[in-house]
Amino acid sequence: MASVSCKTLGIGLAGFGTVGSGVWNILARNGELITDRTHGSVNLEIRKVIVRDLNKFREADAPDEIFDTDLALLIEDPSIDIVVELIGGTQAAFHLVAAALKAGKPVVTGNKALLAERGKELFALSAEHKTPIHFEAAVAGAIPVIKAVQESFIGNRIESLTGIINGTSNYILQRMTEAGLGYPEALGEAKELGYAEADETLDVNGWDAAHKAILLASLSYGTLINYEDVYVRGIEMVTPLDIRFAKELGYVVKLLSLVRQHEDGSIEIRTQPSFISAKHILASVNGVFNAIAVKGDAAGESLFYGRGAGQEPTGSSVVADLVEAARLMEHGGTHRGFLPAEESPKLMPIEDTATPYYVRFKVTDRPGVIAEIATVLAEAGVGISGTHSPSNPEDPDADFVDMVFLLHKTPFGHLKETLAQVEALDSVTERPVVFRLEKL
Ligand SMILES: NC(=O)C1=CN([C@@H]2O[C@H](COP(=O)(O)OP(=O)(O)OC[C@H]3O[C@@H](n4cnc5c(N)ncnc54)[C@H](O)[C@@H]3O)[C@@H](O)[C@H]2O)C=CC1
Ligand SMILES: N[C@@H](CC=O)C(=O)O
Ligand code: NA
């Protein structure tokens with residue numbers, strides 16, 4: 001039983017979709033538990049829920065009278081102490097969050113797109129009005145990685161963060177790999193399960209993961225990274241053929257996000273489908289699960305693993321942030337967040353980032369073709385560590401054949417120039433397909 005009694009804090013919830021209704025359910029089920037665990041100091045009550053359509057059927061058992069359609073009510077209503085933004089997008093959400101901060105109402109959000117794209121303005125407002133923004137749900141769903149970077153690793157210089165941070169694409173890749181599903185069916189399942197964004201292109205074009213990587217990098221290096229400068233590729237270009245070749249070569253394809261500080265201080269930050277060894281621990285991160293390896297100069301490497309999306313896993317992080325917001329309101333304390341520095345850290349140009357590669361060429365099936373390609377590569381100083389061709393081609397009599405070259409570590413810019421020369425050969429019939437072989 002609660003031993004200390006504090007005032008009940010009013011929560012205003014914007015959005016009652018997947019995550020919003022998850023938050024409702026968790027608080028309905030575990031609200032008293034939270035009050036007990038905080039010795040009576042945290043009592044949370046959702047007093048208003050803002051939705052688009054009052055008549056829409058809702059599974060969560062919330063009373064009709066708390067629903068409304070005007071976001072401004074969350075700011076105007078004095079019984080709302082904390083604003084939870086779960087509508088997504090960057091327009092209405094920006095106005096709501098900015099207004100809440102100006103009104104001195106702490107914000108809890110799961111909106112990585114909003115913070116990655118407009119965080120500079122919002123964190124400046126947060127600092128100006130001494131009102132925090134909490135966003136654990138925005139990165140890797142249930143995994144407390146924001147807390148880890150902001151608090152647990154505060155005594156570390158972060159050397160790198162590497163991980164799988166989009167549940168939808170990870171789910172799709174697994175279903176394509178293991179169940180042999182086509183891309184549209186796998187995406188349909190991810191939407192049905194509540195993993196995908198309202199605009200699912202952000203999941204499959206890599207931007208959702210990139211937004212999260214930007215937030216992690218920004219926390220680690222002190223200033224918000226300019227999202228327009230970040231290199232992003234999604235899983236749309238991953239074909240069943242490359243998934244199969246990856247398997248034959250001992251790799252799996254994962255949408256990998258990587259943030260790394262180099263010795264000259266520059267930050268490498270990129271999100272792209274990559275080949276990783278099938279034996280690496282990240283290779284067994286499947287379905288909606290996410291994992292992030294955080295490497296600090298003192299702690300060494302720590303791996304965080306858990307559900308990266310979904311109703312209650314994400315709601316769990318929102319609720320944890322609500323408790324933190326309530327504690328700060330009741331007991332005071334420093335607010336965590338970005339340093340609103342003007343300068344973005346220097347990013348390493350993508351052309352300078354170097355890894356080994358898998359390159360697949362579609363070539364005319366005649367003698368000498370491999371030698372022609374190998375000659376161009378050799379003249380450019382790009383070493384070949386292996387080649388691969390289909391162990392069981394679908395049509396052995398086809399005029400064209402897929403030929404894979406595994407290439408030694410090369411700067412990406414040099415690889416691109418070299419591949420342009422290979423593509424110009426008469427025997428090469430299509431643009432080469434490139435994946436990084438990520439040595440983790
Ligand atoms: N679904 C997930 O697993 C995760 C989602 N998130 C983030 O949480 C946020 C919410 O995501 P979901 O719940 O999945 O989305 P959702 O699409 O299921 O729910 C959003 C709800 O907000 C409502 N809405 C949109 N604009 C509105 C407005 N102007 N006024 C009132 N209502 C409005 C929509 O009608 C919808 O019901 C997004 O920012 C998303 O990126 C973060 C982590 C995981
Ligand atoms: N759409 C996102 C949801 C969580 O951030 C994902 O699939 O990871
Ligand atoms: Na999280």
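How many bridges join strand β7 to β9, and do the two run parallel or antiparallel? In this predicted model, four bridges link β7 (residues 158-164) to β9, and the strands run antiparallel. One spot to look at is threonine 162, whose bridge partner in β9 is leucine 258.

Strand β9 also pairs with β10 (residues 267-277), this time through eleven bridges, and again the arrangement is antiparallel. Here leucine 255 can serve as a landmark, since its bridge partner in β10 is proline 273. Between β9 and β10 sits a hairpin with five residues between the strands, and glycine 265 in that hairpin takes a positive phi near 90 degrees. As for β9 itself (residues 251-261), the strand is mostly covered, with ten of its eleven residues buried. A handy thing to keep in mind when looking at any regular strand is that the side chains alternate between the two faces of the sheet.

Next comes lysine 212, which an unreviewed UniProt entry marks with the feature "active site". This lysine lies in helix α9, which covers residues 207-221. Is lysine 212 buried or exposed? Lysine 212 counts as buried because 28 other C-beta atoms lie within 10 Å, and the cut-off for buried is 20 or more. Leaving aside residues up to four places away in sequence, lysine 212 touches Lys112, Ala138, Val139, Ala140, Ile165 and Ser257. One of these contacts, Ser257, brings the story back to β9, which spans residues 251-261.

The model also holds ligands. Around ligand 1 there are 26 residues, and the closest are Gly15, Gly17, Gly88, Gly110 and Ala309. Helix α1 (residues 18-37) gives the most to this shell, with three residues. Sorted by class, the shell around ligand 1 comes out as 13 nonpolar, eleven polar and two charged residues.

Ligand 2 has its own set of neighbours: Gly141, Asn166, Gly167, Thr168, Tyr195, Ala196, Glu197, Asp203, Asp208, Gly308 and Ala309. By class, these split into three nonpolar, five polar and three charged residues. Ala309 turns up in the surroundings of ligand 1 and of ligand 2. Asp208, listed around ligand 2, falls within the residue range of helix α9, 207-221.

How far can the picture be trusted? The protein has a mean pLDDT of 94, and 96% of its residues reach 70 or more. The model as a whole scores ipTM 0.99 and pTM 0.96. Still, where pLDDT is low, the predicted coordinates should not be read in detail.

How values were computed
Residues numbered from 1 in each chain as written. Chains lettered and ligands numbered in written order. Predicted model: local features only at pLDDT ≥ 70, side-chain atom pairs only at ≥ 80, totals over all residues. UniProt positions renumbered as here; feature names shortened; annotations may be inferred. Buried ≥ 20, exposed ≤ 12 C-beta atoms within 10 Å, placed from the backbone. Contact = placed C-beta atoms within 7 Å. Near = placed C-beta within 6 Å. Nonpolar A, V, L, I, M, F, W, Y, C, P; charged D, E, K, R; others polar. pLDDT = per-residue confidence, 0-100. Pairing = 2+ DSSP bridges.
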